[in-house]
Amino acid sequence: MMRIDSHHHVWRLARADYGWLTPQLAPLYRDFDLADLAPHLAAAGIEGTILVQAAPTEAETAFMLDIAAHAEQVRGVVGWIDFDADDAVTRIDAIASRELLVGLRPMVQDIADDDWLLRPALAAQCEAMARHDLVFDALVLPRHLPRLVQVVDRHPDLQFVLDHFGKPHLSTGDIAAWKDDIAALAARANIVCKLSGLVTEAAPGWQVADLKEAVDHALSCFGPQRMLWGSDWPVVNLAGGYAQWFAAAETLLADLSSEAKAAIFGGNAARVYLSSRGRGSARQI
């Protein structure tokens, strides 16, 4: 079964639409492209990837789709459209014609209104995404999880992916409420979770043991058939880097069967993102 990194980025600073990316984030403040990623993929035996947006602009989506069109290892793109635009549904209908687009990701964590997910207008946009077999990647913080449950319930025909486990507060260990919300989300069949982004939520100098409670809980709730591994590269460079996180994930999942590990490290990403869209899907063929 193919190994797939279900969550990575690329960027070029000259594009100037990464508002969060400042010189203060020194390890990240340079261009990153697929050539930089290639050695990490080779070392981990990863053959395919899902390229995920890092800027809230439609120019970012076009940029990523152009990269993917010329890169066999990029199996699909999770992009962005202006969900607040009056013609957002029309925009979704238009961008859905790009077969390598497999999902959309509003950057909910950066939206000032904590109730943005509950906006009535979002319903039509979610319906449009479901109509085109696009995945809703949920980039949220723990406080958004109760709202996300409501959205997932309202759209049973739409596939949701919870990025980075919803960013639990691993650095403080305050994850009791997060655990309750994760259990509630996992009770909904149309959402899976992404085993990614945890090391940047942990305290500096993290150890595998610092991640174990959260990973074990998510695994017990979602099960190995509803979990996808992702690197969150190059953001992972803030907390150890690709190889260290990949090795930690292998350790955290060591007790699972070979079939379960194959699902988390690739099979589930292929099913969730690539069954009807993306490179190699039946739709593209």
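## The largest cavity

Ala, Val, Leu, Ile, Met, Phe, Trp, Tyr, Cys and Pro count here as nonpolar, Asp, Glu, Lys and Arg as charged, and the others, Gly among them, as polar. With that in hand, the lining of the largest cavity in this predicted model divides into four nonpolar residues, three polar and one charged. The residues concerned are Gly197, Leu198, Val199, Thr200, Ser231, Asp232, Val236 and Trp245.

How many cavities of 30 Å³ or more does a search of the whole structure find? The search turns up one, and the space in the largest cavity comes to about 30 Å³.

## Nonpolar cores

Trp245, one of the residues lining the cavity, also appears in the largest nonpolar core, where it belongs to the group with the most contacts inside that core. Leu148, Leu195, Leu211 and Trp229 are in that group too, and the core as a whole has 85 residues. A second core, separate from this one, has 13 residues, including Val102, Val192, Val272 and Tyr273.

Leu195 is a good place to look if you want to trace these contacts. Setting aside residues up to four places away in sequence, Leu195 touches Phe165, Val215, Met227, Leu228, Trp229, Gly230, Trp245, Leu253 and Ile264. Trp229 and Trp245, both found in that list, share with Leu195 a place among the residues with the most contacts inside the core.

## Ser6 in strand S1

Ser6 sits in strand S1, which runs over residues 4–8. Is Ser6 buried or exposed? Its relative accessibility is 0%, so Ser6 counts as buried, the cut-off for that being under 20%.

Beyond its neighbours within four places in sequence, Ser6 is in contact with Ile50, Val52, Lys194, Leu228, Trp229, Gly230, Ala269 and Tyr273. Among these partners are Trp229, from the largest core, and Tyr273, from the second core. For a sense of distance, the C-alpha atoms of Ser6 and Ala124 are 27 Å apart, with their positions 118 residues apart along the chain.

## Thr61 in helix H2

Helix H2 covers residues 58–69 and holds Thr61. Thr61 counts as buried because its relative accessibility is 2%.

What does the side chain of Thr61 reach at 2.7 Å? The partner is the backbone oxygen of Trp80. Trp80 is also on the list of residues that Thr61 touches, along with Gly79, Ile95 and Leu101, when residues up to four places away in sequence are not counted. Finally, 35 Å separates the C-alpha atoms of Thr61 and Gln207, which are 146 residues apart along the chain.

Conventions:
Residues are numbered from 1 along each chain as its sequence is written. This is a predicted model: local features need pLDDT of at least 70, side-chain atom pairs count only at pLDDT 80 or more; totals for chains, interfaces and linings use all residues. Side-chain values use heavy atoms; hydrogens and water are left out. Helices (H or I, at least four residues) and strands (E, at least two) are DSSP runs, numbered from the N terminus. Buried means under 20% relative accessible area, exposed over 50%, partly exposed in between (1.4 Å probe, protein chains only). Contact means heavy atoms within 4.5 Å. A nonpolar core is a set of buried Ala, Val, Leu, Ile, Met, Phe, Trp, Tyr and Cys residues joined through side-chain atoms within 4.5 Å. A polar contact is a pair of N or O atoms within 3.5 Å; within protein, one must be able to donate a hydrogen and the other to accept it, and residues adjacent in sequence count only if both atoms are side-chain atoms. On a 1 Å grid over the protein atoms alone, a cavity is a set of points where a 1.4 Å probe fits but cannot get out, and a pocket is an open set with protein on both sides within 12 Å along at least five of seven lines; lining residues have an atom within 4 Å of a point. Grid points are joined across faces, edges and corners, and a volume is the space filled by probe spheres set on the points.
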